[in-house]
Amino acid sequence: MSGRILITGANGQLGTVLSHELTKKHGIEKVVVSDINPQTNTPFIFEKVNVCESCELNAVIVKYQITQIYHLAAILSADGESDPLRSWKVNVEGWLNVLEAARKHNIQKLFFPSTIGVFGPLSAKVDTPNNSFLDPLTVYGVSKSACELWSNYYAMKYGLDIRSIRYPGVMSYQSIPEGVTTDYAVEMFYYAIKEKPYICYLEKNTRLPMIYIDDAIRATLEIMDVPIEKINVKSSYNISGLSFDPEMITAELRAHIPNFQIRYQPDFRQQIAAQWPISIDDSQARKDWGWKPKYCLDEIVALMIEGFRSAFNEK
Ligand code: AKB
């Protein structure tokens with residue numbers, strides 16, 4: 001591969017793992033990880049980049065001769081509601097800065113992370129199709145659906161090669177996500193291994209599309225590797241791993257930690273989750289570029305417990 005890869009938002013839940021996977025695949029000298037916040041003791045080539053500052057972004061692209069960009073910098077669903085205009089600025093103006101830089105510097109390939117948060121009340125709740133009408137009711141969903149439209153425009157007008165996935169809620173043990181409506185499915189493992197009761201901010205039967213981090217990262221690498229001719233969706237591809245609600249995952253968790261206690265105290269994130277699909281139709285991704293999830297609930301729960309225990313040195 002000529003040039004180097006730039007990851008923005010590398011300190012986030014996806015970026016933390018994707019940085020390792022891309023350096024494993026291409027070599028540590030081929031990947032530049034960046035974030036608005038510094039990385040301590042990082043093994044990577046790291047640059048502090050605020051994606052809202054196009055000069056910072058362009059300077060890194062020129063300095064390292066970047067030819068691919070994985071743009072993960074964003075403010076997610078829960079945090080976004082506390083400052084809608086800042087969320088719009090970071091999510092949309094940040095992506096436009098990347099698109100403009102890609103156009104000016106002939107970036108060969110771009111990855112854009114969209115979300116199930118682009119769907120709203122008018123979308124089918126079960127097996128939500130890829131071509132649903134998008135009527136999101138969070139600024140996160142509004143901004144990400146606007147970014148999908150900008151991706152389609154830059155692909156059509158300037159011929160940019162942009163690949164995009166609508167991630168479900170992601171489960172990983174490598175970081176504790178923040179400002180994320182699906183956080184509960186990660187936080188509960190931390191409380192369980194610490195033998196503390198968990199207060200869940202969603203109702204016990206709020207079912208959402210979810211995916212294990214390894215499936216999410218594999219999907220990202222796979223969609224970036226397929227020939228452009230296979231990419232028929234220029235907005236973003238639905239993908240899904242599985243669907244579950246807090247009650248289902250609690251039952252699976254208690255098979256490993258029987259005394260795990262959970263109480264339900266819904267907050268504003270329940271209203272966000274209630275607008276989202278229960279399950280996703282990812283048949284277009286399966287057809288176009290061979291997407292297929294590998295992890296089911298019992299495997300994910302076992303991996304999450306093992307991962308959190310080793311991360312927090314719990315036996
Ligand atoms: C969130 O909950 O904000 C994200 C998402 C579904 O995109 N995990």
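Let's start with the cysteines: the sulfur of C55 has its closest cysteine sulfur in C52, 11 Å away, and that is too far for a bond. As a reminder, a disulfide is a covalent bond between the sulfur atoms of two cysteines. The rule used here asks for a pair of cysteine sulfur atoms within 2.5 Å, and by that rule the count is zero disulfides.

Before I go on, a word on what we are looking at: this is a predicted model, where local features need pLDDT of at least 70, side-chain atom pairs count only at pLDDT 80 or more, and totals for chains, interfaces and linings use all residues. Residues are numbered from 1 along each chain as its sequence is written, and side-chain values use heavy atoms, with hydrogens and water left out.

Back to C55. You will find C55 in helix α2, residues 54-64. Helices here are DSSP runs of H or I with at least four residues, strands are runs of E with at least two, and both are numbered from the N terminus. Is C55 buried or exposed? C55 counts as exposed, because its relative accessibility is 53%. The cut-offs are these: buried is under 20% relative accessible area, exposed is over 50%, and partly exposed is in between, with a 1.4 Å probe and protein chains only. C200, on the other hand, counts as buried, at 0%. And one distance to look up on your screen: C55 and N97 are 42 residues apart in sequence, with their C-alpha atoms 9.2 Å apart in space.

Now let's zoom out. The protein is divided into domain 1 (4-170 + 210-238) and domain 2 (172-209 + 242-314); those bounds come from an automatic or database domain assignment. Their contact takes 42 residues from domain 1 and 40 residues from domain 2, where contact means heavy atoms within 4.5 Å. The C-alpha centres of the two domains lie 23 Å apart.

Where does the largest pocket lie? It lies between domain 1 and domain 2, because both give residues to its lining. A pocket, in this analysis, is an open set of points on a 1 Å grid over the protein atoms alone, where a 1.4 Å probe fits and there is protein on both sides within 12 Å along at least five of seven lines; lining residues have an atom within 4 Å of a point. The largest pocket holds about 1,100 Å³ of space. Of the 44 residues that line the largest pocket, G12, L72, A74, I75 and L76 are the closest to its centre. For the volume, grid points are joined across faces, edges and corners, and the space filled by probe spheres set on the points is taken.

Which element gives the largest share of that lining? Helix α4 does, with four residues. Among the others that supply at least two residues each are α1 (13-26), α5 (139-158) and strand β5. By class, the lining has 21 nonpolar, 16 polar and seven charged residues.

Since β5 came up, let me show you L110, which sits in that strand, residues 109-115. L110 counts as buried, because its relative accessibility is 1%. Setting aside residues up to four places away in sequence, L110 touches several others, including I69, W95, L160 and M224. P38, 72 residues away along the chain, has its C-alpha atom 23 Å from that of L110.

Next, helix α6, residues 184-193, is mostly covered, with seven of its ten residues buried. Those include Y184, V186, F189 and I193. Just after α6, E195 takes a positive phi of about 55 degrees.

In the loop between β7 and α6 we meet S175. S175 is buried, with a relative accessible area of 17%. Leaving aside neighbours within four places in sequence, S175 is in contact with Q13, T16 and V186, and V186 is one of the buried residues of α6.

Two more loop residues and I'm done. S279 lies between α9 (268-275) and α10 (283-289), and S279 counts as buried at 13%. I228 is found between α7 (213-225) and β10 (237-238), and at 32% I228 counts as partly exposed. Not counting residues up to four places away in sequence, I228 touches D161, R163 and K234. D161 and R163 are also among the residues that L110 touches, so to speak a good place to look back at the strand.

Conventions
Ala, Val, Leu, Ile, Met, Phe, Trp, Tyr, Cys and Pro count as nonpolar, Asp, Glu, Lys and Arg as charged, and the others, Gly among them, as polar.
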